Structures are given as C-alpha cells and as structure tokens.
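Trainee: I would like a close look at a single part of this model, the main nonpolar core and what surrounds it. Please go through it in one connected answer.

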Amino acid sequence: MTQAKTNEAQTKVVEIPSQISVRELAQRLDISPIALIKALMSIGEMVSINQTIDYDTAAIVASELGYQVQPEALPEAETAEEETEEALPLWRRWLQEEPPEALQPRPPVVAILGHVDHGKTTLLDTIRHTNVAEREAGGITQHIGAYQIEYNGQKITFLDTPGHAAFTELRARGAKGADIVVLVVAADDGVMPQTREAIDHARAAQVPIVVAINKIDKPNARPDEVKRQLAELGLMPDEWGGDTIMVEVSAKQGIGLDELLEAILLVAEQADLKANPKGRVFGTVIDAKVEKGRGVVASLLVQNGTLRVGDVVVAGTAYGKIRAMFDHQGRRIKEAGPSTPVSVMGFHDLPKAGTLFYKVKDEKEARRIVEALKEKEKSQQTQQPTLTLEELFRRFQEGEVKELRLIVKVDVQGSLDPVVRSLEKLGEQSEIGLRILRADVGPITKDDVMLAAASKAVVIGFNVKPDSAARKTAEAEKVDIRTYRVIYELLDDVERALKGLLEPEEREVFLGEAEVLAVFPSSRFGKVAGCRVRRGVLRRGERVRVKRGTQVVYEGTIASLKRFQEDVKEVREGYECGVGIKGFKDYHVGDILICFTVERVSQA
C-alpha cells in the first residue's frame, strides 16, 4: 500500500456488522481479497475468500490496515419482536451498541459436558461445596441450573446442564450456551461416544474447551491414555505442544480443582469477556417450570445490564413483571448484573429454555410485542422450510449461508474414512467451505439431528437410517436427512450442492436489436422512439443499451412498448414499434437499441 493510500485510509471510517465475509470486508476496505487474506494470516487467522469472520477479527485487521472501525448502524425500526428465531445475532448487535468505554469485565459462563457418569455433577458439586448430586434421581442431573462461585476474588458462573443435548438446544434456539466448555473425561473409562458428541457440540458452537480428566484417584486411571485419545480427536494437550489445557482432577477427593479453576480464568482472560452493567438489560432463559404456590419460576442468566425486581421483561411469547428474584442459593436479591444466574417469579407463561429475554418499558409494551410475535409465529409455522441442500443454495444466494455443513453417519468403520476423505477432497476443490461437524459409525440419532438444527447442517447417512426419535426431531426442527446406498450418488449430490453454492456469475444474454426511425413527443417519457426490430426481440421490462455509432450513450430499462397505440409485452424481428426508456429521451434517428437480459449462472 502506498504512503498516500495509507494516509487516506487513516482518516477513513469503516462500518462492520457482527458477521461479515472476507470478500465483503475487502470491498469495504477497498483492497483485494488476496491482500486481506494475507493480512488476516499475519494475525493468525487462516480463512478463505467466502468464509465469515466475526466483528472482533474484522475490526483488528481493519485497524492494522489503518482504518477507524465502528459497528454497523442498525435500522431504527429494528426491534426484538422482528427476530424470533435469530436471538443470537440480535443480542450480539445489542452488545455492540454499548459504548466501548462503558464495557466492564464480566465473569465467564462455563458449561460442563461429558459422557454420562463421568462425574460432571460431582465435579460441580465439589467446586461449589454443596450437595446437588445426592438429591438427583440416580445421581444423574434432572434439570438445567446455573450456579456462581468465587475463586481468588473472581466469579465464575457454571451451567449445570443434563448434557450436551441441552447445551445444543440452547444454541438451536439462538442462545449463547456458554463462554467456555469444561469437558469431563473419566481417567478409568477414557473417550466414550458421548465424549465425542460433546466435543462436536463445543466445536460447532466455536467455544474454547478445557479438559478435566476426572477420577485420577482410581487405581486403574490412565490419564496419559486419555490425552492420547483426545489428541487423536484434535484436542492436543498444551503440555504436548497443543492449545488445549488438560487438568487431572478427582472430583470426589478435591484433587486438582485449583488448577482447573485457574485454567478457566486463564481462558476467560484470553477471551476478554465484557458487558455494560448500566446498559440494556438482556440475557438467556436457562429453564422454567410451574411450582405450586409460586406460579412460573424461570431461571435466567443476565448477559448485559442489571436486572431488578419490578422490571418488565419479554422472553419470546412470554412476558411478566418480576415480583421476586433469588440467587443460586435461594436468597432473595433485588438486582443482578452480567453473568449472574437468578430465579425469578412473575412470568404469565412458561418461557422456552434458550430464549432471549430483555427488559421493556411496561406491561402494555410487553403485551404488544408478544401479540405481534404470536401472529408472526403462526405464519412462520406453515412457511418455515426444511433446511435442504436446495434451501441452503437459496440462503447462500441471499448471503445467509457461507459454507456447507454436514453430519456424516455410516454403517461400518471401513466406510467412514473413504466417505470423509472423498467429501473433504470435494471441499478442497470448491471455493465454498465444506465443514464436517461430525463423522461417526451408527444409525442417525436424535442427537445428530439436534446438532444439525443448531448448526444449520444437513445430515448425510451412508447405508444407515434415522431411528424413530431422529425422524420425529428432524420433522419438528426442519432438518434435512439424506440417506444413500451408493457412495457415488452421495458424492454427486454434495458436489452439485457445492457447485450450486458457488457465487453465481452474471452473464449477459442478447435478446434483440432495433433501429430508431423517428422520434415522437410523449407526455410520460418526454420522447419515445419509433423503431424497427432488426434482429431477435424487444421485451418490455428488459435491459436496453442505446448505441450511437460506436458509443453507448445510455443503458436502462424498456418501460413502454407499443404497436399501433396498444401496449405489448414484446415485438419480434421485422415489426415496427414505439419504445419508451425509463430516464432517457435524447433519441437520434439511426440510434441502435440493443435489448438484453442478465442471467445468474452457477459456476461449474
């Protein structure tokens, strides 16, 4: 970049949305996509031209290139009731609207995931010095809760979820499940199917993972073997030169908990988590239930602002005025700031887990918003399409989708590697990203479908079928399941999808040309041209180019086409007609009108 260009860029302000493709960012920065990709590589981001990056990454690279950056302004009319299924982009934009100087560090929100009976709840129980596990039926967590502890003067909020399925349901409804995932793996049991699934869900959510290798007090504990198994799954221990912190713990004996909490705070510090305690009040519904004598009791996680008793809040199609608020130990409190979990009373209806809640002015406004949302949901229930490969193509054309995401299930291990390698090869040959979120052996399950729903993915099955629960969930969540018995048919379908997802090229198609024989006055256009069609056809509504000799003097649209004072849609070769072009009246006898259309065609 020249010095003049750099000085010019330093005074230029660029607006960036919460998510932006590399191609679009390059256009906004007025540099080539290749130069931008090199700049991103210099800050450690390996991306392709069509990949989407978040605001923070875009802001860093734009600042490096000398631009002043600010969040893209939102339309004034945008309100929460306009976004029922897109809570995640909405709260991200709300957070970006907060003045940077008002943002303060907030506690991290941590989800504990892992295989059943590997000690998730016992670990949390030991950390917060309470006895939740014994109160749960069979020692297995039965509900979604959230709890906050303090370690070395810093607070940490834990989501006590029944597993990755609940974590994913939060994401499927648009919520941010957590800032950090603690993956619990038993040292005597090693990596199990649900361990792999939990890793898939954390990766799909793009959340950093800290591994807690539990039960190291057992005589048959094999922590090094567990690390090896995790390394094979792409989680390389930091002590082996990787970037995944792994801590050996014993939840029952309290071994290694200090190291685990320090690791969580270290990862949180790197994430630079902030919120505005005095800003707009919003957060996520963790759970809700009806309790006898208390009515609807909802567990909420405040993400920004300070929630207070007496506030009126809306969560999807539920609303209410908060009559009472309790902390995670059941104590009455009057207010709660960012990353604080609370139980509240006052909702009229049960809000759904994972729904965005936000404060509004009063109950009158809340009722108006909820009624509008209910009407919108009624129409959406019949209109919402299944996310098929074809629907992905449509969404890509509209800029909503930037990569093809797949869940791959096959019948035997011997089929898995060839299928995955072939798919990855297709992705390498395409400009569009192909991301395999999960590749495993076995039937298509409900968990596969929930991961696909949360990640906007398509489920591909090779010689396997979905079980009944998966079929019902796919129907409810509008997830496309495609099954194949021949690998070539599977690969052909995906290849067609990738070609369809490529940004279409615009191609000009010649329709016809006419010569201007006379010029007439017109009350509507000022002047119109009397023409004879020399080749092809002229069509009303299509593009037209006015040529005078070798020069193009105007390009526009045929707004009027007449034969003998009658409006017609088209006039073919050899016939005379009157032509009115929108925005043009400087016709000369002898001008040539070239009629054409522009087609968008997928790259082969």
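Mentor: What follows starts with the model as a whole, goes on to the core, and ends with the salt bridges.

This is a predicted model, in which local features need a pLDDT of at least 70 and side-chain atom pairs count only at pLDDT 80 or more, while totals for chains, interfaces and linings use all residues. Residues are numbered from 1 along each chain as its sequence is written, and side-chain values use heavy atoms, with hydrogens and water left out.

The chain has 17 helices and 32 strands; these are DSSP runs numbered from the N terminus, with helices being H or I of at least four residues and strands E of at least two. Of its 604 residues, 49% count as buried, where buried means under 20% relative accessible area, exposed over 50%, and partly exposed in between, with a 1.4 Å probe and protein chains only. Among contacts (heavy atoms within 4.5 Å) between residues at least 6 apart in sequence, 69% join residues at least 24 apart.

Confidence comes next. The mean pLDDT (the predictor's confidence in each residue, from 0 to 100) is 79 for the chain, and 81% of the residues score at least 70. Helix α1 (residues 3-10) has the lowest confidence, with a mean of 41, and strand β15 (residues 307-308) the highest, at 96. Residues 74-89 have a pLDDT below 50, and this stretch has 25 contacts in the model beyond near neighbours in sequence. Residues 130-144 are also below 50, with 26 such contacts. Where pLDDT is low, the predicted coordinates should not be read in detail.

Now the core itself. A nonpolar core is a set of buried Ala, Val, Leu, Ile, Met, Phe, Trp, Tyr and Cys residues joined through side-chain atoms within 4.5 Å. The largest one has 28 residues, and Leu 123, Phe 158, Val 182, Leu 260 and Ile 264 have the most contacts inside it. At least two residues of this core come from each of β6 (109-114), α6 (120-127), β7 (145-151), β8 (154-160), β9 (180-186), β10 (209-214) and α11 (257-271). The biggest contribution is that of α11, with eight residues. Beyond its neighbours within four places in sequence, Phe 158 touches ten residues, among them Val 110, Ile 112, Leu 124, Ile 149, Leu 261 and Ile 264. A second, separate core of 24 residues includes Ala 111, Ala 187, Ala 198 and Leu 301.

Thr 157 is in strand β8 and is buried, with a relative accessible area of 0%. The side chain of Thr 157 reaches the backbone oxygen of Ser 339 at 2.5 Å. With neighbours within four places left aside, the contacts of Thr 157 include Val 109, Tyr 147, Leu 301 and Pro 341. The loop between β7 and β8 holds Asn 152, which has a positive phi near 50 degrees without being glycine. Asn 152 counts as exposed, at 59% relative accessibility.

On the other side of β9, Gly 190 sits in the loop between β9 and α9 (193-204). Gly 190 is buried at 1% relative accessible area. Val 226 is 36 residues away from Gly 190 in sequence, yet their C-alpha atoms are 5.2 Å apart. Other contacts of Gly 190 include His 118 and Gln 229.The last topic is the salt bridges. A salt bridge is a side-chain nitrogen of Lys or Arg within 4 Å of a carboxyl oxygen of Asp or Glu, and by this rule there are 28. Asp 179 and Arg 106 meet in one of them, at 2.9 Å from N to O. Asp 179 lies in the loop between α8 (164-172) and β9, and Arg 106 in the loop between β5 (104-105) and β6, so the pair ties together parts 73 residues apart in sequence. Both residues, Asp 179 and Arg 106, are buried. Arg 308 forms a salt bridge with Glu 335, with the closest N and O atoms 3.2 Å apart. Arg 308 is in strand β15 and Glu 335 in strand β18 (residues 335-336), so this pair ties together parts 27 residues apart in sequence. Arg 308 is partly exposed at 39% relative accessibility, and Glu 335 is partly exposed at 45%.

Definitions and conventions. A polar contact is a pair of N or O atoms within 3.5 Å; within protein, one must be able to donate a hydrogen and the other to accept it, and residues adjacent in sequence count only if both atoms are side-chain atoms.
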